Amino acid sequence: MVQEFPIVSKLDPAVYGPAESALTKEVLEKMMNGRMTVEEAVEKKRLFLLDYHDVFLPYVHRVRELPDTTLYGSRTVFFLSEEGTLMPLAIELTRPQSPTRPQWRRAFTHGPDATESWLWKLAKAHVLTHDTGYHQLVSHWLRTHACVEPYIIATNRQLSRMHPVHRLLHPHFRYTMEINALAREALINADGIIEEAFWPGRYSIELSSVAYGAAWQFDTEALPEDLVSRGLAVRRDDGELELAIKDYPYADDGLLIWGSIKQWASDYVDFYYKSDGDVAGDKELRAWWEEVRTKGHADKKDEPWWPVCDSKENLVQILTIIMWVTSGHHAAVNFGQYHYAGYFPNRPTVVRKNIPVEENRDDEMKKFMARPEEVLLQSLPSQMQAIKVMATLDILSSHSPDEEYMGEYAEPAWLAEPMVKAAFEKFSGRLKEVEGTIDQRNNNPENKNRCGAGIVPYELLKPFSEPGVTGRGIPNSISI
């Protein structure tokens, strides 16, 4: 959510050029057609921002040195309509200054004439590549695959196989280290599929690492805290969340899954730990959490946001975060990839040419004015890049025949304890209810982000699925 205006970069203007955004009050108010002023829109929580400006701007010149790819810093502002849908108002593309050239930036809008309309299409293509790259390298690889490894290693090193926390988390770690090893061999390796077909090229994993250093926090990996930190929800006096966008499928469905996991973790912890003192006095648990924090995330070990594993409440929150990231979060960012990006113009992984108006060269502008559709097609990924990405996303989006979905199978140790068995059965029952709730939401014509002509129903957080590319199903673990 846009909570301050004007929008200003936090980067050093002496290095990157002026900090002010090209998305001015005049540009945005013109596109709002007199509905309200920018100040009113901010106050009424109606403006939202997709911000890839500061995170990508330091890479622009380096990426442009790579063959057949380009990059800008970008910002896109959306207006929350009365119908609850987000309407894009304007896109800003920025090239930072260099020793030989000043900063270049421009705001693009869906104007009334053909030229503006085609520039808007090209600007959207650039923003979509930024979103696709960030999704794959940060939301997906970093936040699930990479950041779960410390939990797995610490669990196997510090908790005996009989420890209740080991038994609870074990299904959530199935095959993850193996799939990550395979990713390092063929997907995120040097000259691998990501480097060949995505715009960051050789800087892909460096970018992921920089994003980790700048933005990753254990506490905001919790879905409610993630939403609050982005201004997409506020916590009411009664502790419940109120969403800024009422029909927000990921948040709506995700909070049902989050709540179900948290209740299961709470019931489980209540059985094995009768008091906060039991948690604080558990030496294995203390060693486990110490290793996660000081070894697994050593560069962030002294951050104030780490929860202290000294009470039942804190332990439940820690376990819920780990279980959510390995199940619901990963399902939401992984199993819809082919549905959304299999048609590659919808989610291009690279734009190979600068937008023509950046340099404003006569030859480029002449070609653009005569055949804008040809300029757009030549900017999109090559045939080979598109084929590799489509095939990869098909594999990544597929459930194996032996998939183990959350809430489907109980571990033998849980069945051996009647109270734990009953708690798991309640958890499984709640997830079956979630299936029905999501179906109802997707069939409600008032939910215009889920239901309407040509809209793909949001089913990524439906807990169960058949094998194959289904766009639904939440496995226990990150196994693909």
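How many bridges join strand β3 to β4, and which way do the two run? Here are my notes, starting with that one; keep in mind that this is a predicted model.

1. Strand β3 (residues 86-95) is joined to β4 by five bridges, and the two run antiparallel. If you want a spot to look at, find L93: across from it in β4 stands R106.

2. Now zoom out to the whole sheet. It's an open one with four strands in the order β1-β2-β3-β4, and the pairing is antiparallel. At the edges sit β1 (47-52) and β4 (104-108), each of which pairs on one side only. Going from one strand to the next, the twist averages 15°.

3. The sheet also has a helix on it. Helix α5 (residues 114-158) packs there and touches β1, β2 (73-80), β3 and β4. Its direction makes about 80° with that of β3.

4. On to the charged pairs. The structure holds 35 salt bridges, and I'll pick out a few. One of them brings together the side chains of K388 and E196, at 2.3 Å from N to O. This pair links distant parts of the chain: K388 belongs to helix α18 (residues 383-396) and E196 to helix α8 (residues 193-197), and the two residues are 192 apart. As for solvent, K388 is partly exposed at a relative accessible area of 31%, and E196 is partly exposed too, at 37%.

5. Next, have a look at R235 and E225. They form a salt bridge whose closest N and O atoms are 2.9 Å apart. R235 lies in strand β5 (residues 233-235) and E225 in helix α10 (residues 223-229), so this pair ties together parts that are ten residues apart in sequence. R235 counts as partly exposed, with 42% relative accessibility; E225 also falls in the partly exposed class, with 26%.

6. R361 and D363 make another salt bridge, with 2.8 Å between the closest N and O atoms. Buried or exposed, what is D363? Neither, really: at 47% relative accessibility D363 counts as partly exposed, because the exposed class starts over 50%. R361 is partly exposed as well, at 42%.

7. Last point: some salt bridges share partners. Through them, R64, R95, R101, E358 and E359 are joined into one network. When you have the model open, R95 is a handy place to pick up that network, since strand β3 covers residues 86-95.

Methods
Residues are numbered from 1 along each chain as its sequence is written. This is a predicted model: local features need pLDDT of at least 70, side-chain atom pairs count only at pLDDT 80 or more; totals for chains, interfaces and linings use all residues. Side-chain values use heavy atoms; hydrogens and water are left out. A salt bridge is a side-chain nitrogen of Lys or Arg within 4 Å of a carboxyl oxygen of Asp or Glu. Buried means under 20% relative accessible area, exposed over 50%, partly exposed in between (1.4 Å probe, protein chains only). Two strands pair if DSSP finds at least two bridges between them. Axes are lines fitted to C-alpha atoms, for helices over the stretch in contact, and angles run from 0 to 180 degrees between N-to-C directions. Contact means heavy atoms within 4.5 Å.
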